[in-house]
Amino acid sequence: MYKIVNAYYSKQPENMESVFEYATRNEGLNCVIINEDTMVIKYISANGNEHAGDVIHRNFIDIIDDNINKINNKYYYEIVDNPNLISGTEKLMPPNSPKSGKNMLLPRYDQENDLNSYPFLNEKSNSSNMHDQVDIPDLIENIIFIKRLDAGNILMIRKPLRELMYSAKIANELYIIVGFVMLFLGSLASFIFSQKITKPIIDMSHIAKNISNLKFDKKYDVKTNDEIGELGKSINLISDELDKSIQELTVANEMLKEDVKRKQQIDDMRKTFISSVSHELKTPIGIIKGYAEGLMLNVVDSEEKRTKYSEIIVDESDKMGKMVGQLLDISYMESEIFQLEKSIFNIAVLVDEIVGKYKHIMNQKGIELFVDNDRDYFVKADYIRIEQVLKNYIANAINHVDSKKKIQIRIENADQNMRVFVANTGKKLSDEDTKKIWDSFYKSDKARSRQYGGTGLGLYIVRSIIEKHKGSYGVTNKEDGVEFWFELPNCPLC
């Protein structure tokens, strides 16, 4: 308002009454221009200019005198307790109320530049937010504004605090409402934003916890390319690498366990082997020593007994030689330098050849032999080693045949393999025997083995040879005896 009054007072002082009336009616302000030398009123908005020429109240004169530096350089504000404006009057007279309830307009200012500085002063300023009617009754407190005008003299503007307080109350209520709305919107935005930020972090925290517990099944779903997305990619990469490393360590650990187990088994087998060899050699050595000492001491009194002693010594020596030969054979097959010398041959022909070698023994023992190999069966294998397998099977059948004295040999096709069976009538094997007879030095019937000089290594050699050929082997209890078998792949191109 000071800028408006200052502009009109400098250029169009004849319109000051209209300007003051506008200030009073539209803005609720009481304006007065005072001569700074005489403190006489020149223009006043209360009751028109009825009091022009009167001296203002002493209280205001004291305020102006005390703050003249502020008034000249800038401006001065103060709250007063409703002093009389004019000396000798009892109260501040209210401005004349317009007869109509509409806002009044300021007179149009001719200078376009100055008018543009105050666009709200043109004829369009009669907006609905102006006061329709202003009435300034007796008030307890007023706020005054005092400042020097550019054209000289002092402008003093008064406004009741009640209106300011009312406006402030409305503003405060509005601020409170807006504050709560903004607080709600801010909280909502913060919640959404925090969910957007914290949820991925919480998810990654759970994934990291799973990783610490060596669980790698959960992965972070990367949806953005920001720092959170890069962190999620890094955690997924760490999870994959750790999972891969732990799997490799698990496999290596299992292999290590297998190696340790295998070494333990080898060590146990070595101890058992040494113990078994020592035991098997101890008996014939003891027999040989006993009969040799008997011959040396002439404990026999006839040539017949000497011959008997000598035969026993030779027989035990043969058994020892056989055992040593088998041990050397096993040692060679289990060494790294052992290799199969495979060739293609007809196993039916091989069976006929071996049967021919054992026919004399079978005839002496009265054993009846049945051979079923009326067709050709070609295999690709080590001829000498398969011959050794067949000899061990047939020798084992001869040694364990019962009083029925029947042995059967047959060859059959089994899927893509060829299977050879050697069966004999006799005592069935127990479940324990069927598992252990393939171990070295195991004898199901030790007394009978002693009679025919068994070492317990024959079936172990069979097992080793067939495993070298990647084949299979086994034994089955039949109704009247036992049937051993082994299986080799057919040779379809032969």
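An open sheet of five strands, ordered 2-1-5-4-3 and paired in the antiparallel sense, is one element of this predicted model. Its edges are formed by strand 2 (41-44) and strand 3 (76-80), each of which pairs on one side only. From one strand to the next, the twist averages 20°. The chain as a whole contains 13 helices and twelve strands, and two of those helices, helix 6 and helix 10, are treated below.

**Pairing and packing of the sheet**

- Strands of a sheet pair through backbone hydrogen bonds, in either a parallel or an antiparallel arrangement.
- Strand 3 and strand 4 (residues 142-148) are joined by five bridges in the antiparallel sense.
- Within this part of the sheet, Val-80 has Asn-142 of strand 4 as its bridge partner.
- Helix 6 (residues 161-212) lies across strand 3, strand 4 and strand 5 (154-160).
- The direction of helix 6 is at about 60° to strand 5.

**Helix 10**

- Helix 10 covers residues 383-400, and its 18 residues should span 26 Å at 1.5 Å a residue.
- The end C-alpha atoms of helix 10 are 26 Å apart, which agrees with that expected span.
- The N-terminal end of helix 10 is capped by Asp-382, which places a side-chain oxygen 3.2 Å from the backbone nitrogen of Ile-384.
- Because 13 of its 18 residues are buried, helix 10 is largely enclosed by the rest of the structure.

**Glu-387**

- Glu-387 belongs to helix 10.
- Its relative accessibility is 13%, and Glu-387 therefore counts as buried, the cut-off being under 20%.
- When neighbours within four places in sequence are left aside, Glu-387 is in contact with Leu-350, Ile-354 and Lys-357.

**The chain as a whole**

- The chain has 494 residues, of which 38% count as buried.
- Among contacts between residues at least 6 apart in sequence, 69% join residues at least 24 apart.
- The accessible surface of the chain comes to about 30,100 Å².
- Carbon and sulfur atoms account for 53% of that accessible surface.

Methods:
Residues numbered from 1 in each chain as written. Predicted model: local features only at pLDDT ≥ 70, side-chain atom pairs only at ≥ 80, totals over all residues. Heavy atoms only, no water. Helix = DSSP H or I, 4+ residues; strand = E, 2+ residues; numbered from the N terminus. Expected span 1.5 Å × (residues − 1). Buried < 20%, exposed > 50% of the residue type's maximum accessible area, 1.4 Å probe, protein only. Polar contact = N/O pair within 3.5 Å; in protein donor to acceptor, adjacent residues only side chain to side chain. Pairing = 2+ DSSP bridges. Axes fitted to C-alpha atoms, helices over the stretch in contact; angles between N-to-C directions. Contact = heavy atoms within 4.5 Å. Areas by Shrake-Rupley, 256 points an atom, 1.4 Å probe, with all protein chains shown as cover.
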